[in-house]
There are 2 protein chains.
Amino acid sequence: MGTKLDELRARLAEISDLGRARALLDWDQRTQMPAAGAETRAEQLATLAQIRHRRLIADELGALLDAAAAEVDAEPYDSVEASLVRVARREWEKARRVPAELRAEITRVASLAEHAWVGFREHSDFAGFLPHLERIIELRRRYAECFDGFEGFEHAYDPLLDDFEPGMTTAEVHAVLAELRDGVRPLVAEVAAQPGSVDDFCLYGEFDLDAQQTLAREVVAGLPLQADAWRLDPTVHPFATAISPVDIRITTRFDPGYLGTALWSVIHEAGHALYENGLARELWRSPLCSPPSLAFHESQSRMWEIWVGRGRPYLERLLPRLRELFGENFGAVGAEDLYRAANRIEPSLIRVEADQVTYNLHIAIRFELEVELFEGRLEPAELPEAWSSRTAEYLGLEVPDDASGVLQDVHWAGGAFGYFPTYSLGNVIAAQIWDVATGELPELESQISAGELAPLGDWLRDRLYRHGAKLMPKEMLEKLVGGPIDVAPYLRQLRERAAEIYGI
Amino acid sequence: MGTKLDELRARLAEISDLGRARALLDWDQRTQMPAAGAETRAEQLATLAQIRHRRLIADELGALLDAAAAEVDAEPYDSVEASLVRVARREWEKARRVPAELRAEITRVASLAEHAWVGFREHSDFAGFLPHLERIIELRRRYAECFDGFEGFEHAYDPLLDDFEPGMTTAEVHAVLAELRDGVRPLVAEVAAQPGSVDDFCLYGEFDLDAQQTLAREVVAGLPLQADAWRLDPTVHPFATAISPVDIRITTRFDPGYLGTALWSVIHEAGHALYENGLARELWRSPLCSPPSLAFHESQSRMWEIWVGRGRPYLERLLPRLRELFGENFGAVGAEDLYRAANRIEPSLIRVEADQVTYNLHIAIRFELEVELFEGRLEPAELPEAWSSRTAEYLGLEVPDDASGVLQDVHWAGGAFGYFPTYSLGNVIAAQIWDVATGELPELESQISAGELAPLGDWLRDRLYRHGAKLMPKEMLEKLVGGPIDVAPYLRQLRERAAEIYGI
């Protein structure tokens, strides 16, 4: 391999290191930092982001990309070399479209808006928050306009979506999420029409926090994650972040009155960790060292959480340990009761507390409103009413105040339009992958029953994780499941599980 | 103020942020990081160091320094503006003297040598370690040669010393440390000649680690440190590091069989923290945002540890709490017994375990050998013999093996020649400052007895901490104590305390 590719690799490695350092500063801020450090930390994070960005948009990087492209001309499309140049080139072109001033203004306004949002949500004061929201939407519209004529972008919302789902268009997502919505709504109605209800009382009570910590650690240790490559810390809003593929920080929240958080949120975040931990060494310190998209990332958190962690074999095996740790609550509970509690379906107002079926309706509401905002068909001021009417229509619920409605999520305050749909896309992809995995691993159920999660982990590592971002999301999905994104497997799996529990 | 100074500030702020980010990555590595992350962390640290260094030596920074110098021409010498330009200029000039290749080679060789040292110390194998040591000394000689003709440098060891004690020469340090050595040796002899011995049994036993953690946290919380600006974590080799003046990480080691570590090492590191926490806000994110030198930094860790934390008033107040936490060991111990135990003097082989008197003889040995190495009067291969003979002479002890001798410290493996003397210089300066403080704060003893440490903290903050590195160490000392460095106060204080305990 020629010298220009090596130079390119070195430059991209530096850019990667700067991003990872930033991730550590961010993790530290959310889990370890003394409170007084907030202001100085914000400056440190901004400095690292700026330096990283300047290096990313540098003319020299463009020249290196040109020179390296010529060197890798004969390499296969999915080789590390060809993929590196291709993916880095796309990132470089996107980054250079946005003037530094606009980018800085978005960061500044979003930071203020996020801060303000905390108070306005607390007081359910949408009118107070509206100027912030209008400003950030206006800036995001200008951001999108920077991509006029960019290859593949047709819709005003495409550039926003592409930052999270490279190569995915608004039209495609619209089709997928509409089909999902229209498949989920009758399922929810059928469940609601059943007499009686599913009891999840065992998950509520008083749960000792030390015992919850023990459970959470055991749960992660039981997953096929490299034993000395992760740690688990408490935080306010759970997340997982990889300082490198062998240095992964999982965080969770421990609710003294509800066990579900410590259990399934930990499996969810550990699913993200499994993906990062499985990235091939040859991709480290490069832009290929990540899943192809947020939906792919989310597919793995959701697969491990829902199809493994809320599945009957896993819960059957877990129950004796729950009895040891929290005897009172689980003494009289059987495996079937636990399985039913873990998969209860009931419309609710808050997305992060929603079950896995109605969750997709929360996403549908947000996605549809986002697209309408960026098409200019909806004004920010009209959001509360649009939110209420859509919630009534899809979830059959009345929104009592904006704190339980349009103000509930931080995403818009942070300017992250285009992010929400990836949650549902991840669910859809997870189901497609799960179908292939269960097909190719006929012993999977009994393995999970026996606590053997390595075969599934190995399969996923080999077929998905190790490839990182070499391929675009669509290409990766085609390679893995042999076809395009498809809602059918997900709807079938949701219906099968609901049928077991609700007898529909 | 003109535009060029603002530009300079912005550039220096970025350089500062990069250094602080690096400090966080380093702290994390030593306290939080999953073991598997070591290799990727090394790369991230190297990247941040390289980027920081490149920005520090940039031609553009030199041009800005010139332009800003003209702007601040009329500012007072000790103004933030004039000091910023002056201190940054000196750092810039020093940094540019060393070729990038040599700097990289030192980093690489020192990293290998530090790693190798662990094993060779374990096996007390000096011969095995020698090639590493020779290589790093050779590189440090070449490093020193880069400063030929640099203003104020006369001795081959001056450039090494200057990296830790700006403006201090080998000749000056030699005079101070020789006087200190020659003052300490007779004191140690007098103590040894006393019949009987001081009993420090109360500090040995079985100390519950949770109770030690509680003690350590209470001890730090009792110091005049901003309450929400620090945290305390366990580590192998205790240190304190400031991610910013309001985000300080104190670390300590908990020894289940010896209470002294958790107690005095924590006060020592918290002394460093107090200095960082007291740096004036107008200095933040600049090269002025630190003590003027390592000796100044060490003066505060030692002052708080020894003159406060091992003093009678402090220990009298602490004793009831020790009885609550570790009843068995302190039930029959009186305040005077504890004071005696805390100030026991006895020559020993290992520097980090030495009492505050004989400690200075350990430093004398290291400093003298370092100077001889860099004067070419001693070859690295001759170190064990030189070490043994000097230990016999100064400490009256036989060195049984190199692990207890020349291999005991990591500093040389890491290439940190010029570092050791700052420990003793810090002791000397601490005593000078303590004399002024006790003179100006006549109620200090009774305040400490009452647990009121804020008056001392306020005095130090006002007179020392807030000024940061605006002045050179000599200038700062002159301003604070009204004279040059002087061993007499330290020798007098050591003798006074020894007299109380040993009746000499």
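**First stop: the sheet of chain B**

Select residues 230-234 of chain B, strand S1, together with residues 247-252, strand S3: five bridges join these two strands, which run parallel. The model on display is a predicted one. Within this pair, B:Asp233 lies opposite B:Thr251 of S3(B).

Now add strand S2, residues 240-244 of chain B. The three strands form an open sheet in the order S1-S3-S2, with mixed pairing. S1 and S2 of chain B are the edge strands; each has a single partner strand, so one side of each has no neighbour in the sheet. On average, neighbouring strands are turned by 20 degrees against each other, direction ignored.

To see what lies on this sheet, select residues 209-221 of chain B, helix H9. Helix H9 of chain B lies across S1 and S3 of chain B and runs at about 155 degrees to S1(B).

**Second stop: where the chains meet**

Display both chains. Contacts link 32 residues of chain B with 32 residues of chain A. On the side of chain B that touches chain A, the elements giving two or more residues are helix H1 (3-31), helix H2 (38-56), S1 and S2 of chain B. Which of them gives the largest share? Select H1(B): eight residues of that side come from this helix, the largest share. Colouring the side of chain B that touches chain A by residue class shows 15 nonpolar, seven polar and 10 charged residues.

Of the interface residues of chain B, 100% are also interface residues in chain A, so the copies meet through the same surface.

**Third stop: the axis between the copies**

Superpose chain B on chain A. A turn of 180 degrees, with a shift of 0.0 Å along the axis, lays chain B on chain A with an RMSD of 0.0 Å. This is the relation of a two-fold axis. To find the axis in the viewer, select B:Ala21, whose C-alpha is the nearest to the axis in chain B, at 3.7 Å.

**Fourth stop: the sheet of chain A**

Move to chain A and select strand S3, residues 247-252. Is this strand buried or exposed? Six of its six residues are buried, so S3(A) is largely enclosed by the rest of the structure. Show the side chains: A:Asp247, A:Arg249 and A:Thr251 point one way, while A:Ile248, A:Ile250 and A:Thr252 point the other way. This follows a general pattern, in which the side chains of a regular strand alternate between the two faces of the sheet.

Next, select strand S1 of chain A, residues 230-234, which is joined to S3(A) by five bridges and runs parallel to it. A:Trp230 has A:Ile248 of S3(A) as its bridge partner, and A:Leu232 stands opposite A:Ile250.

Then select strand S2 of chain A, residues 240-244. Four bridges join S2(A) to S3(A), and these strands run antiparallel. A hairpin of two residues connects S2(A) to S3(A). A:Ala242 is found opposite A:Ile248.

Together these strands make an open sheet of three strands in the order S1-S3-S2, with mixed pairing. S1 and S2 of chain A stand at the edges.

Add helix H1 of chain A, residues 3-31. This helix packs on the sheet and touches S1, S2 and S3 of chain A, its direction making about 135 degrees with that of S2(A). Helix H9 of chain A, residues 209-221, lies across S1 and S3 of chain A at about 155 degrees to S1(A).

**Fifth stop: two helices of chain A**

Select helix H4 of chain A, residues 80-97, and within it A:Val87. A:Val87 counts as buried because 22 other C-beta atoms lie within 10 Å, where the cut-off for a buried residue is 20 or more. Apart from its neighbours within four places in sequence, A:Val87 is in contact with A:Pro287, A:Leu288 and A:Ala469.

Finally, select helix H14 of chain A, residues 335-342, where A:Leu338, A:Tyr339, A:Arg340, A:Ala341 and A:Ala342 are buried. Add helix H12 (312-325) and helix H21 (488-502) of chain A, which are among the elements covering these buried residues.

**Last stop: confidence**

Colour chain A by pLDDT: the average is 96, and 100% of the residues score at least 70. The model has an ipTM of 0.94 and a pTM of 0.95.

Notes
Residues numbered from 1 in each chain as written. Chains lettered and ligands numbered in written order. Predicted model: local features only at pLDDT ≥ 70, side-chain atom pairs only at ≥ 80, totals over all residues. Least-squares fit on C-alpha atoms with pLDDT ≥ 70 in both. Contact = placed C-beta atoms within 7 Å. Pairing = 2+ DSSP bridges. Axes fitted to C-alpha atoms, helices over the stretch in contact; angles between N-to-C directions. Nonpolar A, V, L, I, M, F, W, Y, C, P; charged D, E, K, R; others polar. Buried ≥ 20, exposed ≤ 12 C-beta atoms within 10 Å, placed from the backbone. pLDDT = per-residue confidence, 0-100.
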